[in-house]
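Hi everyone, thanks for making time. I'd like to walk you through one structure today, going from the overall picture to a few individual residues.

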Amino acid sequence: MPSLLPWWAESESLPTPAENRSPVFTACANRECGPTPYIFDPVDGQRVASKGLVLGALGVVFGDIGTSPLYAIKESFHEHLGQQLEVTAPNVVGLLSLVFWALIFVISLKYLHFVMRADNHGEGGILALTALIRPSGSLSGRRRWIVLIGLFGAALLYGDGVITPAISVLSAVEGTKVISPALESWVLPLAVIILVALFSIQRWGTHAVGKAFGPIMLVWFATLGVLGITNIVDEPGVLRAVNPLEGLRFIVDNGVTGFLVLGAVFLVVTGGEALYADMGHFGRRPIALAWYRVALPGLLLNYFGQGAMLLQNPENVDNPFYKMAPGWSLIPLVVLSTMATVIASQALISGAFSLTRQAVQLGYLPRLRITHNNESEEGQIYVPVINWLLLAGCIGVVLGFRSSTNLAAAYGLAVTGTMAITTILFYAMARQKWRWPAWRAGSLCALFLIIDLAFLGANIPKIPSGGWFPLVVGVLLLIVLTTWFTGRKITAERIAHRSMPLGQFVDRVVDSAVVRGPGVGVYLGSNPAFTPQSLASHVRHAGVLPKQVCILAIIVEPRPLVAPEEQLEHDDLGNGFHLLRYHVGFTDTTDVPGVLSTSGTALTGIDFSTASFVLGRETYRVTNRPGMAMWRERLFVLMIRNARTADAYFQLPPDQTIELGVQVEL
């Protein structure tokens, strides 16, 4: 079967081990979960994406980048530091050249051909990449800074999750002004109403709606292409923009203004991170097929069509997307645009939920209430606190910035920062995991970084006019992420310092007069080498232990999923003591009773149905001991008090759970 991809996108020259393939493929290949998502070509054995999976990727992954034509060209001709780009033939063609090569270089080359091969057992995204290069031991030196950079990139993505729904919905609703200027006063109320409705339905899940995402986006990209073609045929000279020299000439001729325009040109590739973040759901090849078959042609035709229309009607520069359409089509086009922007917003909201679950499991956020709203889809989750915080943020920026033009300044800086950080992390991963020599990884990433920093530099002047927003969000969230991680690390060190090695504790209990009664006790901890404080406190205060004592150490692995047969390990310590290590991935659901009733019983022969689960509930005291500044200690204690309780997070039955107090000085 001939390939539908360019040779450089089809190449398998980079590491793509079989064990790192998409979890969706692995899971569906071994379980009944509907139509097989991949088909193997009988001639060459290559894995080919099914039409359904390609259509699904089109609906979920490309919503953000697919709605950029609503505002990207318009913002390019907007005022930049008091200087406005004139709508002339050289400027239009040069701008389109920059747009064309930005899409080819950033999306097709950087992400599809290189970055998306840096998967963490099939999962993608900046936090999964950070987990891939994070050392298993303590963070120090250069790797500590790399992890901090990755966390800042994740924090910027939350800012992106606030800005994307706001700018997408605003830009679509602003089309009502083209229908009738009298509707301008309705733009903000309509945008707020749509956002409230969008976030209100999150609790019900997106499975049913998701089935419609692909077809709607297919219609959207087809509409983009048709609108573009109808204008290109009237001004085919815009096709000269495929020549990269036109873009270079544009930069040289316009000087500082030409460089600043790059900040708006970058809007055409916003959403590139979504390709990487959603790779675990679809795999690289289906995303690539959706890009080359549908998304890229539709986008390029529309951008070139907007340019062709501007060459004939320069006065339409205030809203070239809607003004390139015939008058009779404006109302259905506004409706379709609004649907497309809602889909784009949904992808970012779901991404924020997934990012939060990863952060909780990796120890960067406190335990939060995470619910699954689809029993057959592991990735369909809902995080209430994140949902309502995002809604509050979206409404705040809509009412504060009041237009998509004002929001564009904040939008570009968030995404350029994230993409530059992804390049840095990719370099670290290529050196550490792929064992690339420094010259190979450095030369490639230097090329990527030059482009990233050019876009970032063009967005820096926008900081006073809105670019400050994602930076503030990023810094605040970075403080939260690092404070929680450091606080939990200090807590573990304080508890381990006064804890007895597990083997020594078992020997003492056996040699002492501790009474052993009937029953099973499960004592939860995180370090299998030391005695859980709950177990030590139980012996100290009660002087009695059940006949079967199981120490359960929960260990979060730096990979997304752990196979059921690999989750539990058992060591028989003798005299009724058992050590169980429960390994979970950073996208796994931690179900203690569930894993004990299956794997636990098989390994130990113990019936856990009536077991008592014993936890240690820490009480924290803010002190001036070395570790963290006191204001960060207070922030950590505040997060502890508002975190989800351990028994609920681990799904322990309330009537079988016992909590024993443990005091910790920070």
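Let me start with a word I'll need right away: a contact here means heavy atoms within 4.5 Å. With that in hand, take the contacts in the protein chain with a separation of 6 or more: 82% of those are between residues 24 or more positions apart. Please keep in mind that what you're looking at is a predicted model.

Okay, the overall picture. The protein chain has 666 residues, and 55% of them are buried. It contains 26 helices and twelve strands. The accessible surface comes to about 27,400 Å², and carbon and sulfur atoms account for 61% of that.

How confident is the predictor? The mean pLDDT of the chain is 81, with 88% of the residues at 70 or more. If we go element by element, helix α6, residues 89-114, has the highest mean pLDDT, 94, while helix α2, residues 23-30, has the lowest, 34. Over residues 1-48 the pLDDT is below 50, and in the model this stretch has 86 contacts beyond near neighbours in sequence.

Next up, charges. As a reminder, side chains of opposite charge can pair when their charged atoms come close. How many salt bridges does the structure hold? The count is six, and I'll show you three of the pairs.

One of them is D452 with K110, where the closest N and O atoms are 2.9 Å apart. D452 sits in helix α20 and K110 in helix α6, so this pair ties together parts that are 342 residues apart in sequence. Are these two buried or exposed? Both D452 and K110 are buried.

Another pair is E174 with K74, and here the closest N and O atoms are 3.6 Å apart. This one also links distant parts of the chain: E174 is in the loop between α8 and α9, K74 is in helix α5, and their positions lie 100 residues apart in the numbering. E174 and K74 are both buried too.

Then there's D318 with K323, with closest N and O atoms 2.9 Å apart. D318 has a relative accessible area of 44%, so we call D318 partly exposed. K323 comes in at 31% relative accessibility, so K323 counts as partly exposed as well.

Now let's zoom in on a single residue, T130. Look for T130 in helix α7, which covers residues 126-133. Why does T130 count as buried? Because its relative accessibility is 2%, and the cut-off for buried is under 20%. What does T130 touch? Leaving aside residues up to four places away in sequence, the answer is V147, G150 and L425. There's also a polar side-chain atom of T130 that lies 2.8 Å from the backbone oxygen of I126. And if you follow the chain 23 residues along from T130 to G153, the C-alpha atoms of those two are separated by 9.7 Å.

From a buried residue, let's move to the surface. Which residues form the nonpolar patch there? They are I179, L183, W186, L190, I193, I331, V335 and M339, and together they have about 710 Å² of accessible area. Helices α10, residues 187-200, and α17, residues 330-362, each supply at least two residues of the patch. The largest share comes from α17, with three residues. If you want one patch member to click on, try I193, which lies in helix α10. I193 counts as exposed because its relative accessibility is 53%.

Last stop, the backbone. Most residues other than glycine have a negative phi. Two residues here are worth a look on that score. R435 is not a glycine, yet its phi is positive, about 60 degrees. You'll find R435 in the loop between α19 and α20. At 66% relative accessibility, R435 counts as exposed.

Q651 is the other one: again not a glycine, again with a positive phi of about 60 degrees. Q651 is in the loop between α26 and β12. Its relative accessibility is 38%, so Q651 is partly exposed.

That's my tour. Happy to go back to any of these spots on the screen.

Key
Residues numbered from 1 in each chain as written. Predicted model: local features only at pLDDT ≥ 70, side-chain atom pairs only at ≥ 80, totals over all residues. Heavy atoms only, no water. Patch = residues over 30% accessible without salt bridge, like charges linked within 9 Å, V, L, I, M, F, W, Y side chains within 5 Å. Areas by Shrake-Rupley, 256 points an atom, 1.4 Å probe, with all protein chains shown as cover. Salt bridge = Lys/Arg side-chain N within 4 Å of Asp/Glu carboxyl O. Helix = DSSP H or I, 4+ residues; strand = E, 2+ residues; numbered from the N terminus. Buried < 20%, exposed > 50% of the residue type's maximum accessible area, 1.4 Å probe, protein only. Polar contact = N/O pair within 3.5 Å; in protein donor to acceptor, adjacent residues only side chain to side chain. pLDDT = per-residue confidence, 0-100.
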